[in-house]
Amino acid sequence: MRIDYYVYYQVRPGQERELMAALSAMQAALAEATGISGRFRRRVDDPLTWMEVYEGVGDPRLFEVELGVQALRHGLHEFLAGGTPRHLERFRAVC
């Protein structure tokens with residue numbers, strides 16, 4: 001069973017360029033470690049809400065551990081709006 005991951009969060013204003021660089025580096029390291037390439041997006045009606053998308057994960061345990069390690073290693077928590085977490089959602093195909 002393959003799982004798709006969606007990680008969303010609120011960022012501090014004025015950090016977009018630095019966040020893009022950190023996310024790009026983090027996703028490259030994550031892809032090297034897991035074989036899963038990610039994308040990131042901004043919410044249309046709220047540009048301070050960002051989302052990371054990872055599709056087709058076959059080994060959820062390895063992926064989630066590595067995602068956490070890489071997020072810490074690349075300092076993604078430094079870009080979060082005060083008092084807000086990164087939310088992780090998991091989805092699978094219906095059929």
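This is a short dialogue on reading the sheet and the core of a predicted model.

Student: What kind of model is this, and how are residues numbered?

Tutor: The model is predicted, so local features need pLDDT of at least 70 and side-chain atom pairs count only at pLDDT 80 or more, while totals for chains, interfaces and linings use all residues. Residues are numbered from 1 along each chain as its sequence is written, and side-chain values use heavy atoms, leaving out hydrogens and water.

Student: In what order do the strands lie in the sheet?

Tutor: Strands are DSSP runs of E, at least two residues, and helices are runs of H or I, at least four, numbered from the N terminus. Two strands pair if DSSP finds at least two bridges between them. Here 4 strands form an open antiparallel sheet in the order 2-3-1-4. Strand 2 (38–42) and strand 4 (87–92) are the edge strands, each pairing on one side only.

Student: How many bridges join strand 1 and strand 3?

Tutor: Strand 1 (residues 3–10) and strand 3 (residues 49–57) pair over 7 bridges. Ile3 stands opposite Val57 in strand 3.

Student: Which residues have the most contacts inside the largest nonpolar core?

Tutor: In soluble globular proteins, nonpolar side chains tend to be buried together. A nonpolar core is a set of buried Ala, Val, Leu, Ile, Met, Phe, Trp, Tyr and Cys residues joined through side-chain atoms within 4.5 Å; buried means under 20% relative accessible area (1.4 Å probe, protein chains only). The largest core here has 20 residues, and Tyr9, Leu19, Tyr54 and Phe63 have the most contacts inside it. Helix 1 gives the most to this core, with 5 residues.

How values were computed
Buried means under 20% relative accessible area, exposed over 50%, partly exposed in between (1.4 Å probe, protein chains only).
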